[in-house]
Amino acid sequence: MSELTDRYQNKERRRERRKLRAKPLFKKLAPRLGLAVYRYRHDFHYCPQIYGAGYWKKIRIQEIGGFKELADKVIADHRSLLYYDRLYILYQALWNVRYLASDAVSIAEIGVYRGGGSYFIASVAHQLFDREPKIHSIDTFEGHPDDIAAEDDSHWPGKFGDTSFEEVKKYLSVFPNLTVYKGRFEDRCAELEREKFCFVHVDVDIYAPTRACLEFFSERLLIGGVMVADDYGLTTCQGCKQAVDEFVASRKNYLKFHLETGQSLLIRVG
Ligand SMILES: C[S@@+](CC[C@H](N)C(=O)[O-])C[C@H]1O[C@@H](n2cnc3c(N)ncnc32)[C@H](O)[C@@H]1O
């Protein structure tokens, strides 16, 4: 019996050795060079293990009907820095506030850049809402202002300046309920003083304007309304996390979720 077991074990070892020998050279060398080699799968990125071994079972959000067509459009237009993951959060946030929406209620995007985010928000609102809200899109359209505090190496005056107010206005002109404002949020927000909001997308990357946006919209967002602050939790946008954390720490009426997409979801609950 023991002879039989030995023979079996030896056979297993030989098979293992053969498998190792058969491993292509690049697979053997890659870890020594600090590289990992994976089979190519179309539309897949290498991702960290926090997603667990069952990650492959997840449905493909970029194929969800209703969402897919609208996200495909702005991605194909190369108009947004947001990809399917973050756009899908915006889509869901808008879906959840659809009962709050009316033509007397507003939506805002602060940090518009080339217009793709606002285009997506406006097209989702058009698809989901019975009565379309007013949409306000605000940006300097000259990039980060000159007087931004030196927060980190990732942001500098004029970053995102490769856009044009006129051109974005034209791109967004298909939505009659959407207004584009040129200027710093801090200088233009007085024009929205009397509005009530059901959804706000804050995508300005740095501390001061993020904080200014959250303070401004705090009491103007309807109960049940949602704000999404982009770039939350990114090493390159630490000012954004600081602004959001300070904002929720000073209030009891906001729930905050840190999403793995690099966004923070703020829900007004009282
Ligand atoms: C990351 S981009 C926005 C990306 C955009 N939401 C998209 O979908 O691609 C950040 C924008 O914030 C704008 N920004 C920064 N500070 C601002 C301020 N104080 N007021 C208005 N816009 C500001 C910049 O001009 C820049 O266009």
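**Close-up 1. The ligand and its neighbours.** In this predicted model, 22 residues surround the ligand. Ser80, Leu81, Gly111, Asp139 and Asp203 are the closest of them. Sorted by class, that shell is a mix: nine residues are nonpolar, seven are polar and six are charged.

**Close-up 2. Oxygen atoms of the ligand and their polar partners.** Let's zoom in on three pairs of atoms. At Leu81, a polar backbone atom sits 2.7 Å from an oxygen atom of the ligand. Gly117 also takes part through its backbone, with a polar atom there 3.4 Å from a ligand oxygen. Thr140 uses its side chain instead: an N or O atom there is 3.2 Å from an oxygen atom of the ligand. How much of the ligand does the protein cover? On its own the ligand has 600 Å² of accessible area, and the protein covers 99% of that.

**Close-up 3. The largest nonpolar core.** This core has 42 residues, and the ones touching the most other members are Leu87, Ile107, Phe120 and Phe199. Helices H3 (67–76), H4 (84–96), H5 (116–128) and H6 (165–171) each give two or more residues to it, and so do strands S3 (178–182), S4 (197–202) and S5 (221–230). Which element gives the most? That's H4, with eight residues.

**Close-up 4. Around Ile107, and on to another core.** Leaving aside residues up to four places away in sequence, Ile107 touches a good list of partners, including Leu94, Ile121, Ala125 and Phe129. Pro133, Lys134, Ile135 and His136 are also among its contacts, as are Phe197, Cys198 and Phe199. There's also a second core, separate from the largest one, with 24 residues. Ile138, Phe185, Phe216 and Ala229 are among its members.

**Close-up 5. Asp205, a loop residue with a positive phi.** Most residues other than glycine have a negative phi. Asp205 goes the other way: its phi is positive, near 75 degrees, and it isn't a glycine. Look for Asp205 in the loop between S4 and helix H8 (207–218). Is Asp205 buried or exposed? Its relative accessibility is 8%, so Asp205 counts as buried, the cut-off being under 20%.

**Close-up 6. Asp231, in the loop after S5.** Here's another aspartate with a positive phi, about 70 degrees this time. Asp231 lies in the loop that runs between S5 and helix H9 (238–249). Asp231 counts as buried because its relative accessible area is 7%.

Definitions and conventions: Residues are numbered from 1 along each chain as its sequence is written. This is a predicted model: local features need pLDDT of at least 70, side-chain atom pairs count only at pLDDT 80 or more; totals for chains, interfaces and linings use all residues. Side-chain values use heavy atoms; hydrogens and water are left out. A residue is near a molecule or strand if one of its heavy atoms lies within 4 Å of it. A polar contact is a pair of N or O atoms within 3.5 Å; within protein, one must be able to donate a hydrogen and the other to accept it, and residues adjacent in sequence count only if both atoms are side-chain atoms. Accessible areas come from the Shrake-Rupley method with a 1.4 Å probe; for residues, only the protein chains shown count as cover. Ala, Val, Leu, Ile, Met, Phe, Trp, Tyr, Cys and Pro count as nonpolar, Asp, Glu, Lys and Arg as charged, and the others, Gly among them, as polar. A nonpolar core is a set of buried Ala, Val, Leu, Ile, Met, Phe, Trp, Tyr and Cys residues joined through side-chain atoms within 4.5 Å. Buried means under 20% relative accessible area, exposed over 50%, partly exposed in between (1.4 Å probe, protein chains only). Helices (H or I, at least four residues) and strands (E, at least two) are DSSP runs, numbered from the N terminus. Contact means heavy atoms within 4.5 Å.
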